[in-house]
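Q: I would like a close look at a single part of this chain, described carefully and residue by residue where that is possible.

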Amino acid sequence: MKIVGSSAGAVAAAGCGQAPERILPYVIPPDNLIPGVASWFSTVCRECPAGCGVIARNREGRVVKLEGNPDHPVNRGALCIRGQAALQGLYNPDRLRGPMRQDASGALKPVKWEEAEKLLVERLTGLVKQGKGKRIVVMSQLESGNLGRLIESWAQALGARRPIFYEPFNYEAIHHASRLVFGRDAIPHYALEEANVILSFGADFLESWLSPVEHARAFTRMHAFKHGKAGTFIHVEPRLSLTAANADEWVRNAPGTEELLALAILKVILNEGLQAPGVDVALLRNVAMPVDLEAAAGQSGVSVETIKHIARTFAKAKPGIAVGGGVAVTSTLAVETQRAIHLLNYAAGNVGRTVRFGPDSAFVKATPHAIVGLLTQLMAQGEIDVLLLIHANPLFALPPKWGFAEALKKVPLLVSFSNQPDETTEQAHLILPDLHSLESWGDFSPREGVLGLMQPTMAPVFDSRAVGDVLLSVGRQVLGSPAGKGPFRWETFAEYLKEQWRGIAREYAPSMPFDQFWEEALRRGGVWKDVATAPVQARSAPVFPIQGKPASVEGDPQGLTLLVYPSQRFYDGRGANKPWLQEAPDTMTQVTWDSWIEVPAEVAKKLGIRQGDLVKVTSPHGAIELPAYVSESLHPGAVAIPIGQGHTAYGRYAKDRGANPLTLLPGGASLSFLSVKVTLTKTGGRRPLAIAQATHDQDDREIAQHVGLGAARELELRGAVPEKASHPSMYPDLKYPEYRWGMAVDLDACTGCQACVIACKAENNVPVVGKEQVAYGRDMHWLRLERWQEGKPEHPENLFLPMFCQHCEIAPCEPVCPVFAAYHTEEGLNAQIYNRCVGTRYCNNNCPYKVRRFNWWDYSSPASSSYAFPDPLPLQLNPDVTVRQLGVMEKCTMCVQRIVAGKDAARDEKRPVRDGEVQTACQQTCPTQAIAFGNLKDPSSRVAKLSRSPRGYHVLEELGTRPAVTYLKKVTRDHGKG
Amino acid sequence: MRTKVGVGVLGLTLLAAALFLVLSTRGQAAGPAQPIAFNHQVHADQYKIDCQYCHADARRSEYAGIPSVSRCMGCHKITAADRPEVQKLAGFFNKNEPIPWVRIFKVPEFVYFPHKAHVRANVKCQTCHGPIEKMAVVEARTGQNLANDLLNLVGLARSSTPLTMGWCVECHTTMNAKEKTKAPLECVTCHH
């Protein structure tokens, strides 16, 4: 009776009205927008100056996913980890929501646009009228398209100084050296894919050097084993970076000896007559002969044997390519090193083949640091009244010894157009937040002949205005131009842009009507054309002064040389405010949410430093404290600290996390990142690192497998498919009536960049858990990038393995679920039904791959303290994927939402799904196309072909799980000499 | 003695059950009040306007959608412009405000229901939404409901469109058997 009574009461209560849910229609629906169907807009990624093309998936007026533009010649459909995470800049919870000005107490307070603009106009007009235009300076990030042009003409019209296009990593040494050697102030196009041998002197082209996505793709094309051929990659660097870990031969040199080694190699080439025919041998001899091979070997720590081996391999490559100048090795000899590398390429006959002047890189437009130094001086002398900052953060990226912070205090009006509260913007007197790049019109040209067109992919999230619009409006008001006349006659930057593109239309497609050209360019994402390679000659200059010794570093002679390197996640620090990037592990160390100092094992032992001990790092210019990461492979004369953390502002995810190693560098006229020695002292404190992978030693589990080049060739010739152990099963064999989805991962192509990890997070609404939970092992990455190493710890062979749900045919997780939440579909997927899951966690317990992730905390309720999506991050969530609640298990689904969508599209046309139509998020973004997905039942599909490869194997095959994912063994070359 | 008590208990139980059934169905209103008293009987039955004239996205997307205010105004700029409800509509349009309709049909957040696939399979709208063209005010008795289930058990079906999973799966199964359709029965197709 009681039970019936209470349930009657409960039902009656439910019948009473709860607040009704509303459903709102459009008043006037936008053209071509169907709720539930995505629209795609082409634009350009602006997370670094590589300028990859991007297509943005817009659902109901908000962008939920970014993918590479398949047509764009730089990235051809791929997108790196920073590009994928750009959405967290667009929807960053700490993004500035509107214009602000500093009040009397120095605090930033909101202000209306009209008032903010008026302030700026007043100040500028005063200066311009008095002829003091030179007291105005614009400092912007590199803008190589029409915004750059507008900034320049704006400065010119106001009589201001020439704008500075400031990039902390500007690779200026390369074009300075090109000017010296070839008489052309340019950064050439490095066609890595056409080389048989890549010789890199510290150029981290798989991480951040110049154009990493393009280089990664090119690298795989020349290096990955295909039809019996495989290129060779030799990397010279004191630290085992991610790029070095992908090398066939990693040569560990003493820091600062790149020039020395390059010249030594050049000498060997000349001695053995290996230079290409037709080169100016006398010129080369002048340069190389003074080098003493034995001395070079002694200074660099690289044996004469190895130098000779490298020289022979490189010179005989036909063609090879030599590159150099990654940030970490940019020393006081940066220009000399690039000079030597240019001469190496010249000597080997690579110039005009794999090193091409034309198309030249846009990086040459980045202002040399010497000019930034000049600006600092001018500001310190009180000669600058107005500094306009457009997406530049010099207070973070310039070493304090440059004096930029002190000089900035003398500038009465600092205006920032940034939309993030970074260190420099926090000092601004006036903030006029620019639209995010995904909300903007614009264009960006990463190199000659490629002009990417940007368009807004959605309406602005916050009250921001395009910096171009503001410049036009302010410029008009300052000059007092009548409407529609004068140098700023366009009402908006969009109008200005479109008019400039008429000129581009005449150049690229003279016979096409402009409207058609513009429409096509918007759809395609830009325009591109081939650019002829200009022939260059090495100059017969007088004898170049040869250094013949390592780069000079200042500091305690007993100290260790400091290597600061750009992290693939944070670049120059701009990525630190994005939680996805904080949580993505650094591939080599697997550290998350912190920064560290990599200490060589010998030094750690001597000083009694264990991993996680807080170490004080002191240079002649500053000191920071960081937890130690003990490394077996780092050169014993060096320590290494990643750049990007140690922000003192920049939002909740970036602030007060780690330490900024750039504060240890000296001031001066140029920015040499490799220029100090530091001393280490134990502080006695500890800050354990949140490391995502417990060990890099596979024991004998053979998770990541490799095969030698010779053996791989033999297997390929024989066409032998390895015998798959047929483990008996007590279940009947599965039948697949229609499709059987499967994947293949080529370990020879995977470079460990982690783009797939974040693409998956973006696509599948995976929450961010924070440092503490990662340390517990409770991170939620559906896909993790494992690094395994073998061989000598100081010189290991590295293997990168993307590990995700293997969708086993005989899945250990399926029979143990008490509620049938984990089951096997008819198409070969291991499916997880979130609303059935009751959270026993038996499935992950049974999973040998440990790929299932459990929602230990409530990541999806706004009221929860673990809420992973503070406003406006929920706008990024993919509406096609359930947001999981507390107590539910989740894992890789092979992007089943995409499979469902693909089948729906195919059913519309009454045909089966074609190979390549459905791409999982990880597969889609991978710069090296290491991941394949498709229908295993279709023998002509890419995944079926790869699964039949002689290099194919299953991870933990002996357990009899019969995974649907086949891995292809990495092909290793012998670390031979000569 | 015991038998009498037994009969008494049984009687009370039956009474409680009857009371419960009455009370529980009382709470459900016959269609909530909408901001504008839109009458499907007039539009769909009398004037025979096709469902997809207004709910056009049903064939294109997972959401059938509610017609935009401008779609209504397409006719009502002129048609019946003097009626008070139509004037309410014009008010919304002129103020550029969406009409805050009360939502009737919704599946849980963890369910993916695509209208497009069902329209493609020629499932009539009324199959799931009930006889809308006969409704002056749209109403539905959806969701899991003990009273419904009990009544169904004894053959007194109350709601023919509960939109519960079992009901969807039953239709998929019967259609696959009878009409040789390929309606998916994979859990993950709708739960992902």
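In which sense do strand E31 and strand E32 of chain A pair, and over how many bridges?

A: In this predicted model, strand E31 (residues 784–790) of chain A and strand E32 pair in the antiparallel sense, and the pairing runs over seven bridges. Within this pairing, Glu790(A) stands opposite Glu797(A) in E32(A). The two strands form a hairpin with six residues between them, and in this hairpin Gly791(A) takes a positive phi near 90°.

Strand E32, which spans residues 797–803 of chain A, is mostly covered, with seven of its seven residues buried. The cover extends to both faces of E32(A): on one side Glu797(A), Leu799(A), Leu801(A) and Met803(A) are buried, and on the other side Asn798(A), Phe800(A) and Pro802(A) are buried too. Glu797(A), the residue that stands opposite Glu790(A), is thus listed among the buried residues of the strand.

For a view of helix packing in the same chain, one can turn to helix H9 (residues 258–271) and helix H11 (residues 293–300) of chain A, which pack at an angle of about 150° with their axes 10 Å apart. Because angles over 145 degrees count as roughly antiparallel, H9(A) and H11(A) are described as roughly antiparallel to each other. H9(A) passes H11(A) in a left-handed crossing. On the H9(A) side, the contact involves Leu260(A), Leu261(A), Ala264(A), Lys267(A) and Val268(A), which meet Leu293(A), Ala296(A), Gln299(A) and Ser300(A) in H11(A). By character, the residues of this contact divide into six nonpolar, two polar and one charged.

How values were computed: Residues are numbered from 1 along each chain as its sequence is written. Chains are lettered from A and ligands numbered from 1 in the order in which they are written. This is a predicted model: local features need pLDDT of at least 70, side-chain atom pairs count only at pLDDT 80 or more; totals for chains, interfaces and linings use all residues. Side-chain values use heavy atoms; hydrogens and water are left out. Axes are lines fitted to C-alpha atoms, for helices over the stretch in contact, and angles run from 0 to 180 degrees between N-to-C directions. Helices (H or I, at least four residues) and strands (E, at least two) are DSSP runs, numbered from the N terminus. Angles under 35 degrees count as roughly parallel, over 145 as roughly antiparallel, 65 to 115 as roughly perpendicular and the rest as oblique. A crossing is left-handed if the near helix is turned anticlockwise from the far one by less than a right angle, and right-handed if clockwise. Contact means heavy atoms within 4.5 Å. Ala, Val, Leu, Ile, Met, Phe, Trp, Tyr, Cys and Pro count as nonpolar, Asp, Glu, Lys and Arg as charged, and the others, Gly among them, as polar. Buried means under 20% relative accessible area, exposed over 50%, partly exposed in between (1.4 Å probe, protein chains only). Two strands pair if DSSP finds at least two bridges between them.
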